[in-house]
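This report describes the fold and some local backbone features of a predicted model. The sheet and the helices packed on it are treated before the loops.

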Amino acid sequence: MSAKIMIVDDAAFMRMMIKDILTKNGFTVVAEAADGAQAVEKYKEHNPDLVTMDITMPEMDGIAALKEIKKMDPSAKVIMCSAMGQQAMVIDAIQAGAKDFIVKPFQADRVLEAIGKTLS
């Protein structure tokens, strides 16, 4: 059975890029969210095996959403996504419970490596 993954990013084309990488490699994308608040709701609904979470989003940022998801499900597996130059935010994310992080623009092999490591 392939892992169920939720993609969270406020940019539709970024969600599409990640979804493309994942589906071509046998993963199932069960949900997508455009902000942190949606991510928390959809996490409850779909209970994915793993979440890719953008850090900078409107409404609720990725770190706040990560903290909410971790409150609901302490074993949640979340990989943060950030643009270059957001090292401080990445450190915050890891301290909040993120398993790994990938930097935009995405490299397919790096995305797959982070997911493979996190799910194993």
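## Helices on the sheet

Helix 3 (residues 62-72) lies across strand 3 (50-54) and strand 4 (78-82). The angle between helix 3 and strand 3 is about 155 degrees. Helix 5 (residues 108-119) also packs on the sheet, where it touches strand 1, strand 3, strand 4 and strand 5. The direction of helix 5 makes about 175 degrees with that of strand 5.

## The sheet

The sheet is open and has five strands in the order 2-1-3-4-5, with parallel pairing. Strand 2 (28-33) and strand 5 (100-103) are its edge strands, each pairing on one side only. From one strand to the next, the twist averages 20 degrees.

Five bridges join strand 1 (residues 4-8) to strand 2 in the parallel sense. Ile7 stands opposite Glu32 in strand 2.

## Loops and backbone geometry

In the loop between strand 5 and helix 5 lies Pro105. The peptide bond leading to Pro105 from Lys104 is cis, with omega near -5 degrees.

Two non-glycine residues with positive phi are Asn47, at about 45 degrees, and Glu59, at about 65 degrees. Asn47 is in the loop between helix 2 (36-46) and strand 3, and Glu59 is in the loop between strand 3 and helix 3. Asn47 counts as partly exposed because its relative accessibility is 44%, a value between the limits of 20% and 50%. Glu59, with a relative accessible area of 73%, is exposed.

## Surface patch

Phe13, Met16 and Met17 form a nonpolar surface patch with about 320 Å² of accessible area together. Of this patch, Phe13 is found in helix 1 (residues 12-24).

Definitions and conventions
Residues numbered from 1 in each chain as written. Predicted model: local features only at pLDDT ≥ 70, side-chain atom pairs only at ≥ 80, totals over all residues. Heavy atoms only, no water. Pairing = 2+ DSSP bridges. Helix = DSSP H or I, 4+ residues; strand = E, 2+ residues; numbered from the N terminus. Axes fitted to C-alpha atoms, helices over the stretch in contact; angles between N-to-C directions. Contact = heavy atoms within 4.5 Å. Patch = residues over 30% accessible without salt bridge, like charges linked within 9 Å, V, L, I, M, F, W, Y side chains within 5 Å. Areas by Shrake-Rupley, 256 points an atom, 1.4 Å probe, with all protein chains shown as cover. Salt bridge = Lys/Arg side-chain N within 4 Å of Asp/Glu carboxyl O. Buried < 20%, exposed > 50% of the residue type's maximum accessible area, 1.4 Å probe, protein only.
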